Amino acid sequence: MILRQLLLPPPLRPPVCVTALWTNGGTATRRHISTDGPAPQPVIGQESVEVLGQSYPRDDFTNITPSILAKVGRNLHNQSHHPLWLIKERIKTHFYSAYVSRWGNPLFSVHDNLSPVVTVEQNFDSLLIPPNHPSRKRGDNYYLNRTTMLRAHTSAHQRELVRSGLDAFLLAGDVYRRDEIDASHYPVFHQMEGVRLFSNHELFSKVQHGEDLSLFEVGGRRSPHKQETHTLEAVKLVEFDLKRTLTRLITQLFGEDLEVRWVDCYFPFTHPSFEMEVRFQDDWMEVLGCGVMEQELLNSAGAGNKLGWAFGLGLERLAMVLYSIPDIRLFWSRDERFLEQFRVPDIQQPVCFQPLSKYPPLHNDISFWLPQSRESFTQNDFYELVRCVGGDLVERVSLVDEFTHPKTGRRSQCYRIIYRHMERTLTQQEVGVIHKQIEHIAETELGVQCR
């Protein structure tokens with residue numbers, strides 16, 4: 001199979017070992033493997049996948065591709081004066097200056113170098129995500145095998161950092177999700193999150209008669225406003241601290257005149273949960289999710305005597321707004337015309353991205369009959385195939401037409417693929433070669449029949 005051959009390149013070098021800071025029975029875990037320094041060349045072999053110097057056996061769940069593995073270790077958020085680095089540093093600087101311990105040290109520690117290779121247990125179970133939750137689907141994630149994957153969110157490290165004794169920390173890193181293809185979606189993006197825990201004394205010390213109050217109650221009931229083990233007064237104080245902290249952060253980034261609103265929502269690992277939206281260009285835009293951490297998560301991490309909040313935000317989304325960057329693919333550009341615009345002497349200095357020459361797009365359509373078994377085809381499988389073949393030449397893929405044959409019941413779909421190079425003009429001839437490959441591999445690997 002052609003796509004399978006793309007996924008199985010010959011080994012490029014012998015395995016390279018990376019020292020793991022935490023091992024179990026001789027097998028390196030992903031918990032504290034640093035991605036600092038040059039990353040070893042990833043290899044997808046017939047029997048195993050090698051990434052960051054570790055080898056993982058392949059199985060029926062393996063769906064990682066060379067194009068995705070090539071992004072592991074790039075660490076855009078740690079590249080000095082990259083726009084994602086600028087955003088991360090501005091957030092870090094804000095927390096360092098605004099929240100100081102009684103000894104004058106920053107209250108929040110920062111962790112931005114944890115390996116993106118995690119266990120499925122870390123990514124889902126540690127966050128109380130149910131076994132049948134749709135976010136676990138193979139079609140939405142990048143699995144090395146049934147027990148190991150590239151993290152889908154930085155929250156995969158929450159439990160281990162709390163277990164290590166940290167009460168306040170920021171965490172930044174690259175995350176991986178199979179997704180649609182357009183100017184604001186990319187299979188690799190970057191998140192930053194924060195966690196803050198409170199003891200009984202820390203939360204109530206400034207409250208009148210605080211010594212009479214408690215974080216927990218026995219026999220309580222879960223409601224839309226609190227968890228069953230929490231007292232209402234404790235939750236309201238934590239919620240107030242969380243929203244005040246994030247409002248200060250966002251106004252520091254966007255300006256004091258920013259209009260903010262809070263929307264109730266649901267996350268498996270927090271309750272109550274909220275999304276912050278900001279008024280931007282005459283519309284409301286969601287910028288982050290947050291909430292009071294589920295007590296079961298804290299109990300499992302050895303912090304059952306504390307109550308806390310957590311938040312998570314996307315660095316690309318903030319950077320695209322703050323720096324007027326129109327296409328998420330630009331973050332991966334090595335073009336000096338892009339990168340030099342962000343080499344500013346002060347990270348707080350405003351930057352407005354000046355677009356590179358806008359090269360013309362080329363679009364080709366592809367229509368095909370779907371396989372008889374609907375479960376054997378998903379849109380994300382097709383998007384991933386297009387990414388694998390077309391790479392970053394593909395700007396957008398959109399479903400433009402669907403048709404069901406009135407007699408046979410067969411379903412047909414038509415997708416429009418827009419190609420645009422970020423640094424030069426594409427020709428229809430070279431796009432045609434790529435498009436033919438996509439058509440052929442879609443028939444071979446996805447079982448569709450091109451029309």
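This briefing covers the strands, helices, cysteines and largest pocket of the structure above. The model is predicted. Its largest pocket holds about 1300 Å³ of space. Strand β14 gives the most to the lining of that pocket, with 7 residues. Helix α9 is mostly covered, and so is strand β15. The whole structure has 0 disulfides.

**The largest pocket**

- The lining of the largest pocket counts 50 residues.
- R177, F189, Q191, E286 and G314 are the lining residues that lie nearest the pocket centre.
- Five elements each supply at least two lining residues: β11, β13, β14, β15 and α9.
- Among these elements, β14 contributes 7 residues, the most to the lining.

**Strands β11, β14 and β15**

- Strand β15 spans residues 307–314, and 6 of its 8 residues are buried.
- β11 runs antiparallel to β15, and 8 bridges join them.
- In that neighbourhood, E193 stands opposite G312 of β15.
- β14 also pairs with β15, in the antiparallel sense, over 5 bridges.
- There, G291 faces A310 of β15 as its opposite residue.
- β11 covers residues 188–198, and β14 covers 283–293.

**Hairpin β12–β13**

- β12 (residues 260–267) and β13 (residues 270–280) pair antiparallel over 7 bridges.
- The two strands form a hairpin, with 2 residues between them.
- V260 stands opposite V278 in β13.
- β13 also supplies at least two residues to the lining of the largest pocket.

**Helix α9**

- α9 spans residues 315–322, and 7 of its 8 residues are buried.
- The buried residues are L315, E316, L318, A319, M320, V321 and L322.
- These buried residues pack against two helices, α3 and α7 (232–254).
- They also pack against strands β11, β13, β14 and β15.
- α9 itself supplies at least two residues to the pocket lining.
- Just after the helix, S324 takes a positive phi of about 55 degrees.

**Lys92 in helix α3**

- K92 lies in helix α3, residues 83–98.
- Is K92 buried or exposed? K92 counts as buried because its relative accessibility is 17%, under the 20% cut-off.
- The K92 side chain makes a polar contact with the side chain of E89, at 3.1 Å.
- Beyond its neighbours within four places in sequence, K92 contacts V110, L170 and M192.
- Helix α3, which holds K92, is one of the elements that the buried residues of α9 pack against.

**Ile438 in helix α12**

- I438 sits in helix α12, residues 428–446.
- I438 is buried, because its relative accessible area is 0%.
- Which residues does I438 touch, not counting residues up to four places away in sequence? They are I366, F382, L385, V386, V389, I417 and Y419.
- I438 and D167 are 271 residues apart in sequence. In space they are 49 Å apart, C-alpha to C-alpha.

**Cysteines**

- A search of the whole structure finds 0 disulfides.
- C388 is accordingly in no disulfide, and the nearest cysteine sulfur, that of C450, is 17 Å away. A disulfide needs two cysteine sulfur atoms within 2.5 Å, so C388 and C450 do not form one.
- C388 counts as buried because its relative accessibility is 17%.
- C352 counts as partly exposed because its relative accessibility is 47%, which falls between the 20% and 50% cut-offs.

**The sheet β3-β4-β5**

- 3 strands form an open sheet, in the order β3-β4-β5, with antiparallel pairing.
- β3 (43–44) and β5 (54–57) are the edge strands, and each pairs on one side only.
- β3 pairs antiparallel with β4 (residues 48–51) over 2 bridges.
- I44 has V49 in β4 as its bridge partner.

Note on methods. Residues are numbered from 1 along each chain as its sequence is written. This is a predicted model: local features need pLDDT of at least 70, side-chain atom pairs count only at pLDDT 80 or more; totals for chains, interfaces and linings use all residues. Side-chain values use heavy atoms; hydrogens and water are left out. Helices (H or I, at least four residues) and strands (E, at least two) are DSSP runs, numbered from the N terminus. Buried means under 20% relative accessible area, exposed over 50%, partly exposed in between (1.4 Å probe, protein chains only). A polar contact is a pair of N or O atoms within 3.5 Å; within protein, one must be able to donate a hydrogen and the other to accept it, and residues adjacent in sequence count only if both atoms are side-chain atoms. Contact means heavy atoms within 4.5 Å. Two strands pair if DSSP finds at least two bridges between them. On a 1 Å grid over the protein atoms alone, a cavity is a set of points where a 1.4 Å probe fits but cannot get out, and a pocket is an open set with protein on both sides within 12 Å along at least five of seven lines; lining residues have an atom within 4 Å of a point. Grid points are joined across faces, edges and corners, and a volume is the space filled by probe spheres set on the points.
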